[in-house]
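Here is an informal walk through one protein chain, with its pockets and helices in view. Have the viewer open while you read.

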Amino acid sequence: SLGQGVSAACGMALGAKIGEKPVNVYTILGDGEVEEGECWEAFMFAAHYKLSNLCVMLDRNHLQIDGTTESAPLEEKLKAFNFNVLTINGHDYDQIEAAVKAFHAENDKPTCIILDTVKGTGVSFMTNSVDWHGKGPNDEEYAQAMDELRAAHESLEKELELING
């Protein structure tokens, strides 16, 4: 069920903290998932116990199974719950790496990295389409998607070759 992952992650982080184990716990949530009350109860728990070893990675693509998400800004809500909040481009690996390093440097409170993404990026007919939430492509769609992703990969490889000489 939605919301149970972050609750379990909080328990693992608290257990590691109580046991004085050098363990970091990571959990991934979607922006539709955080509309569940259980998530906010887990966030309160994490802040109360100062779970600085907990990193919540929140994929914010503004889509969920029944439409769009987020009626209120997540950053302000999470800061009010005493989280270290970092908002980044979730498609940029350098920003992801920097955010994880910032999480490792935080010693007083849990961290939430909000990854702004576009659902279905890289596949023309899936990009930013709620229709692809929870359904897979048929054989023809799969072939088209793989062709588009391979072409994008090859383009990046050529770009890297030019940069690296």
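Where is the place of T27? T27 sits in strand β1. Before going further, keep in mind that this is a predicted model, and every value below is computed from it.

**Around T27**

T27 has a relative accessible area of 8%, and since anything under 20% counts as buried, T27 is buried. Leaving out residues up to four places away in sequence, T27 touches G5, V6 and A9, as well as L54, C55, V56 and M57.

**The chain as a whole**

Stepping back, the protein chain holds 5 helices and 6 strands. Read from the N terminus on, its elements go α-β-α-β-β-β-α-β-α-β-α. The C-alpha trace spans about 50 × 45 × 25 Å along its principal axes. The protein chain has 165 residues, and 36% of them count as buried. If you take the contacts with a separation of 6 or more, 74% of them come from residues 24 or more positions apart.

**Two helices, side by side**

Here are α2 and α4 in one view.

| Helix | Residues in helix | First to last C-alpha | Expected span |
|---|---|---|---|
| α2 | 12 residues | 17 Å | 16 Å |
| α4 | 13 residues | 19 Å | 18 Å |

For α2, the reach is close to what 1.5 Å a residue would give, and the reach of α4 is likewise close to its expected value.

Which residues are buried in α2? They are C39, W40, A42, F43, A46 and A47. Looking down the axis of α2, these buried residues fall within an arc of 155 degrees, so they line one face of the helix. The cover over them includes α1 (4-18), β1, β2 (54-60) and α3 (74-80). On the face turned away from that buried side, you'll find the exposed residues E41 and H48.

In α4, the buried residues are I96, A99 and F103. They cover an arc of only 65 degrees around the axis, which puts them on the same side of α4. Their cover includes β1, β2, β5 (84-89) and β6 (111-116). D94, K101 and A105 are exposed on the other side of α4.

**Loops on either side of α2**

E36 lies in the loop between β1 and α2 (37-48). Is E36 buried, exposed or partly exposed? Its relative accessibility is 35%, and because the partly exposed class lies between 20% and 50%, E36 counts as partly exposed. The C-alpha atoms of E36 and S1 are separated by 9.9 Å, with the two residues 35 apart along the chain.

Past the other end, α2 is followed by K50, which has a positive phi, near 50 degrees. S52 is found in the loop between α2 and β2. At 15% relative accessibility, S52 counts as buried. Setting aside neighbours within four places in sequence, S52 is in contact with K17, F103, E106, N107, D108, K109 and P110. One of those partners, F103, is also among the buried residues of α4.

**The pockets**

Now for the part a docking person would probably scroll to. The largest pocket has a volume of about 400 Å³. Its lining is made up of G90, H91, Y93, I96, T121, G122, H153, L156, E159, L160 and I163. Two elements give two or more residues to that lining, namely α4 (93-105) and α5 (139-164). Which element gives the most to the lining of the largest pocket? That's α5, with 5 residues. By class, the lining has 5 nonpolar, 5 polar and 1 charged residues. I96 shows up twice in this story: I96 is buried in α4, and I96 also lines the largest pocket.

The second largest pocket has a volume of about 250 Å³. It is lined by 15 residues, and G30, G32, E33, Q64 and H133 lie nearest its centre. The elements giving two or more residues to this lining are β1 (25-30) and β3 (63-64). With 3 residues, β1 has the largest share. The class split here is 5 nonpolar, 5 polar and 5 charged residues.

So β1 is a good strand to keep selected in the viewer: T27 has its place there, β1 is part of what covers the buried residues of α2 and of α4, and β1 lends residues to the second largest pocket.

Conventions. Residues numbered from 1 in each chain as written. Predicted model: local features only at pLDDT ≥ 70, side-chain atom pairs only at ≥ 80, totals over all residues. Heavy atoms only, no water. 1 Å grid on protein atoms, 1.4 Å probe; cavity = no way out; pocket = protein on both sides within 12 Å on 5 of 7 lines; lining within 4 Å. Points joined across faces, edges and corners; volume = space filled by probe spheres on them. Helix = DSSP H or I, 4+ residues; strand = E, 2+ residues; numbered from the N terminus. Nonpolar A, V, L, I, M, F, W, Y, C, P; charged D, E, K, R; others polar. Buried < 20%, exposed > 50% of the residue type's maximum accessible area, 1.4 Å probe, protein only. Contact = heavy atoms within 4.5 Å. Expected span 1.5 Å × (residues − 1). Arc of directions from axis to C-beta.
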